[in-house]
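Biologist: Please take a close look at one part of this model, and then set out how it relates to the rest of the chain.

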Amino acid sequence: MARALELARRGLYSTDPNPRVGCVLVRDDTTVGEGWHERAGEPHAEVHALRQAGSTARGATAYVTLEPCCHHGRTPPCTEALIGAGVARVVVATQDPDPRVAGQGLQALHDAGIEVLDGVLAAQANLLNCGFVKRMRSGVPWVRVKLAMSLDGRTAMASGESRWITGAAARADVQRWRARSSAILTGVDTVLADDPSLNVRLENPATPRQPLRVVLDSRLRMPPTARMLDLPGRTLILTGSGEVARHSALARPAVVVRTLPLAGPHLELVAVLRSLGEQGLNEVQVEAGPTLSGALLQAGLVDELVIYVAPHLMGDAARGLFSLPGLDRMEQRIGLRIGDIRAVGDDWRVIATVDG
């Protein structure tokens, strides 16, 4: 199963909106076939492994990181392929939370006389597909907030100057996190201040896929000259404004402006995430200022923080990491669980999930 998970990670940047899945076929303690799902619409991991194994798949054990599908989508059911190949045993890491499967794939295999076992390295498999699992279970994507700060917790000088807090290695690492994401989300204030591209810029990209760029812009202040609007890939602007003239000024073939409910002067954040989930987005990476990042955190909508810590000090007047008004007592603290800390060039990267 560990090898199947290793294979599944090869699809880290390319399978979206599908999950990353790997499969290993073993017969008489010898691996006879391997495969992984490469991109949506193409054969699943089990099919690649069965093709490699050929007739040696009969009587073999299939180790699959996600329950084989049992429905007809863009590809035929993997359960039928495994049954037809004569596989004797199927071991899965975790059941598929997609309601079209959700245990029915394992039941179909069992009904065909195939021995079934699930739950092997389930935690690792769920982590690899955190966004897919969350979207299938709750209807909203996994929200990852990316931040860069100095050792004293500052993200920009008082003037707004922030380039560059971290070094080249950390900035390259950010590109890899972007590449695995379904969407990059920011607020219009960040667009007005920095005019960011919010695209993937890797020297050797595993896929030409660009994540969807999402801008939260309650009053539709997005400038028609914004750099991201004319870059490859799609841009989605979510607004509470219905002013037709402003919508028209942003018209581009790859730009969509969508109206969502407001909560006071700002977009209702739960509605934002539900809208993104309905579009099949699994992982959303937030790259925004302290106001939007803080609002998501206080609303309990952040799953994970990726924080780069640079070895320098920026002083009391510099801007902080989050805007978190109303935290007055120790009991109001927002708890985090640190899962990984490692050096990235001269900086440190901290990955933490939010207690909840």
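Modeller: What follows starts from one helix and its salt bridges, then turns to the cores, one buried acid and the backbone. The model is predicted.

Helix α7 covers residues 168-180, 13 residues in total. From first C-alpha to last it reaches 19 Å, close to the 18 Å expected at 1.5 Å a residue. Its buried residues are Ala-170, Asp-173, Val-174, Gln-175, Trp-177, Arg-178, Ala-179 and Arg-180.

Two of these charged residues take part in salt bridges. Asp-173 pairs with Arg-349, with N and O 2.9 Å apart. Arg-349 sits in strand β18 (residues 347-354) while Asp-173 is in α7, so this bridge ties together parts that are 176 residues apart in sequence. Both Arg-349 and Asp-173 are buried. Arg-180, for its part, belongs to a network of salt bridges that also links Arg-20, Arg-144, Glu-283 and Glu-304.

The whole structure holds 21 salt bridges. One of them joins Arg-221 to Asp-189, whose closest N and O atoms are 2.8 Å apart. Arg-221 is in the loop between β9 (212-216) and β10 (235-239), and Asp-189 is in helix α8 (residues 188-194), so the pair ties together parts 32 residues apart in sequence. Arg-221 has 31% relative accessibility and counts as partly exposed. Another bridge is formed by the side chains of Arg-342 and Asp-340, at 2.9 Å from N to O. Arg-342 is also partly exposed, at 43% relative accessibility.

Next come the nonpolar residues. In soluble globular proteins, nonpolar side chains tend to be buried together. The largest nonpolar core here has 33 residues, and the members touching the most others are Leu-185, Val-214, Leu-216, Leu-238, Val-272 and Leu-276. Beyond its neighbours within four places in sequence, Leu-276 is in contact with Pro-141, Leu-185, Val-214, Leu-236, Leu-238, Leu-281 and Val-284. Another core, of 20 residues, lies apart from this one and includes Leu-25, Val-32, Val-92 and Phe-132.

Phe-132 also touches Asp-96, as do Leu-66, Glu-67, Val-101, Ala-102 and Gly-103, when residues up to four places away in sequence are not counted. Asp-96 is in the loop between β4 (89-92) and α4 (104-111). Asp-96 is buried but has no salt bridge. The nearest side chain of opposite charge is that of Arg-100, 7.1 Å away, whereas a salt bridge needs a separation within 4 Å. The side chain of Asp-96 does reach the backbone nitrogen of Asp-98, at 2.9 Å.

Three backbone features remain. Most residues other than glycine have a negative phi, and most peptide bonds are trans. The peptide bond from Asp-16 to Pro-17 is cis, with omega near 5 degrees. Pro-17 is placed in the loop between α1 (2-8) and β1 (22-27). Asp-29 has a positive phi, near 65 degrees, and lies in the loop between β1 and β2 (30-36). Leu-220 has a positive phi as well, near 55 degrees, and lies in the loop between β9 and β10. Asp-29 is exposed, at 79% relative accessible area, while Leu-220 is buried, at 4%.

Methods:
Residues are numbered from 1 along each chain as its sequence is written. This is a predicted model: local features need pLDDT of at least 70, side-chain atom pairs count only at pLDDT 80 or more; totals for chains, interfaces and linings use all residues. Side-chain values use heavy atoms; hydrogens and water are left out. Helices (H or I, at least four residues) and strands (E, at least two) are DSSP runs, numbered from the N terminus. Buried means under 20% relative accessible area, exposed over 50%, partly exposed in between (1.4 Å probe, protein chains only). Lys and Arg count as positive and Asp and Glu as negative; His and the chain ends are not counted. A polar contact is a pair of N or O atoms within 3.5 Å; within protein, one must be able to donate a hydrogen and the other to accept it, and residues adjacent in sequence count only if both atoms are side-chain atoms. Contact means heavy atoms within 4.5 Å. A nonpolar core is a set of buried Ala, Val, Leu, Ile, Met, Phe, Trp, Tyr and Cys residues joined through side-chain atoms within 4.5 Å. The expected span of a helix is 1.5 Å times one less than its number of residues.
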